[in-house]
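Hi,

Here is the structure I promised to pass on. Have a look at it first, and then read my notes underneath.

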Amino acid sequence: MLVSGRRRLLTALLQAQKWPFQPSRDMRLVQFQAPHLVGPHLGLESGNGGGVIDLNAFDPTLPKTMTQFLEQGEASLSVARRALAAQLPVLPRSEVTFLAPVTRPDKVVCVGMNYVDHCKEQNVPVPKEPIIFSKFASSIVGPYDEVVLPPESQEVDWEVELAVVIGKKGKHIKATDAMAHVAGFTVAHDVSARDWQMRRNGKQWLLGKTFDTFCPLGPALVTKDSVADPHNLKICCRVNGEVVQSSNTNQMVFKTEALIAWVSQFVTFYPGDIILTGTPPGVGVFRKPPVFLKKGDEVQCEIEELGVIVNKVV
């Protein structure tokens, strides 16, 4: 009896520990527009792929951009939690236009060669330190917006990535404190012009990564307490319905905490900043022969628990 009692107590403790990370309803924050509304609004996606609850209608004092919402911290989040718990009207998905969950962040930090299986694909050693580059914020578009092929490149490639959204300002952040600075996660498509990344511009990556429309994001910012384990999520990319990338975020060389600690040595993180954490294998440039995106292609980037973004190439 004593042993079984201890076992029951241990089970109860484990369940109690797990509870904060397995809420009954997901917190899925979005930015959206609708014909009957003036300008962008903040909302809650009612479940993965569901309609939208208008947060600004629920509380008109809330800001209308995600960056300002995140800057207000716990005060804004508590309002969103109340809205989630209330039985509020839901705008049908067909009646809203989803914007990127974060627009005009202070910075978009990107990480190269951050999947073990992607390093194997290139036959290169796993990095000892994070490889950091950037995209300009002007490359960000919404989860269902078009990706425009620039006339300057003939080698545009796909890359599905887990994106981390910063929720709290910080510099010299310790890895053990890093998750306190994270608001949540979303799906990113790190579109890449390989000719400019690998051969032009002195082989610096920036220009090849940052053409307009080269950073679709969304559909929602899923708060960190709504994700069981960001480093154990299935991640995949489909081009015209064919799976081209399929892996798991457990293949990441440097996890979220290590990346935040590393990058914050050099720069201050601000609410709304985005970290693209690298891509798994299966990109077009390393296929034999290489395959690149063409007009009319449709790219779907999907991450378990976070959702799917769909971008037509034009």
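Before the notes, one cut-off you will need: a residue is called buried when its relative accessible area is under 20%, exposed when that is over 50%, and partly exposed in between. Also keep in mind that this is a predicted model.

Let me start with the salt bridges, since that cut-off matters there. A search of the whole structure turns up 13 of them. One joins the side chains of Lys 209 and Glu 159, with N to O at 3.1 Å. These two come from distant parts of the chain, 50 residues apart: Lys 209 sits in helix 7 (residues 206–209), while Glu 159 is in the loop between strand 8 (156–157) and strand 9 (160–166). Lys 209 has a relative accessibility of 2%, so it counts as buried. Glu 159 is at 5%, so it is buried too. The pair also belongs to something wider: salt bridges with shared partners tie Lys 135, Asp 157, Glu 159, Asp 190, Arg 194 and Lys 209 into one network.

For contrast, take Arg 81 and Glu 74, whose closest N and O atoms are 2.6 Å apart in a salt bridge. Arg 81 has a relative accessible area of 37%, so it is partly exposed. Glu 74 comes in at 48%, so it gets the label partly exposed as well.

Then there is Arg 28, which forms a salt bridge with Glu 45 at 2.9 Å, N to O. Here again distant parts of the chain are linked, with Arg 28 in strand 1 and Glu 45 in strand 2 (residues 41–45), 17 residues apart. Both Arg 28 and Glu 45 are buried.

Now for the domains. The chain splits into domain 1 (28–99) and domain 2 (108–313), and their centres, taken over C-alpha atoms, are 25 Å apart. Contact between them involves 13 residues of domain 1 and 17 of domain 2. About 1,100 Å² is buried between the two, with carbon and sulfur atoms giving 58% of that. Arg 28 turns up again here: together with Leu 70 and Phe 98 it supplies 46% of the area that domain 1 buries against domain 2, more than any other three residues.

What kind of polar link holds across this interface? The rule finds zero salt bridges between the domains, but four residue pairs are in polar contact. On the side of domain 1 that touches domain 2, strand 1 (28–33), helix 3 (66–71) and strand 4 (97–99) each supply at least two residues. Helix 3 gives the most, with four. By type, the residues on that side are seven nonpolar, two polar and four charged.

Cheers

How values were computed. Residues are numbered from 1 along each chain as its sequence is written. This is a predicted model: local features need pLDDT of at least 70, side-chain atom pairs count only at pLDDT 80 or more; totals for chains, interfaces and linings use all residues. Side-chain values use heavy atoms; hydrogens and water are left out. Domain bounds come from an automatic or database domain assignment. Contact means heavy atoms within 4.5 Å. Buried area is the accessible area (1.4 Å probe) that two parts lose on being put together, summed over both. A salt bridge is a side-chain nitrogen of Lys or Arg within 4 Å of a carboxyl oxygen of Asp or Glu. A polar contact is a pair of N or O atoms within 3.5 Å; within protein, one must be able to donate a hydrogen and the other to accept it, and residues adjacent in sequence count only if both atoms are side-chain atoms. Ala, Val, Leu, Ile, Met, Phe, Trp, Tyr, Cys and Pro count as nonpolar, Asp, Glu, Lys and Arg as charged, and the others, Gly among them, as polar. Buried means under 20% relative accessible area, exposed over 50%, partly exposed in between (1.4 Å probe, protein chains only).
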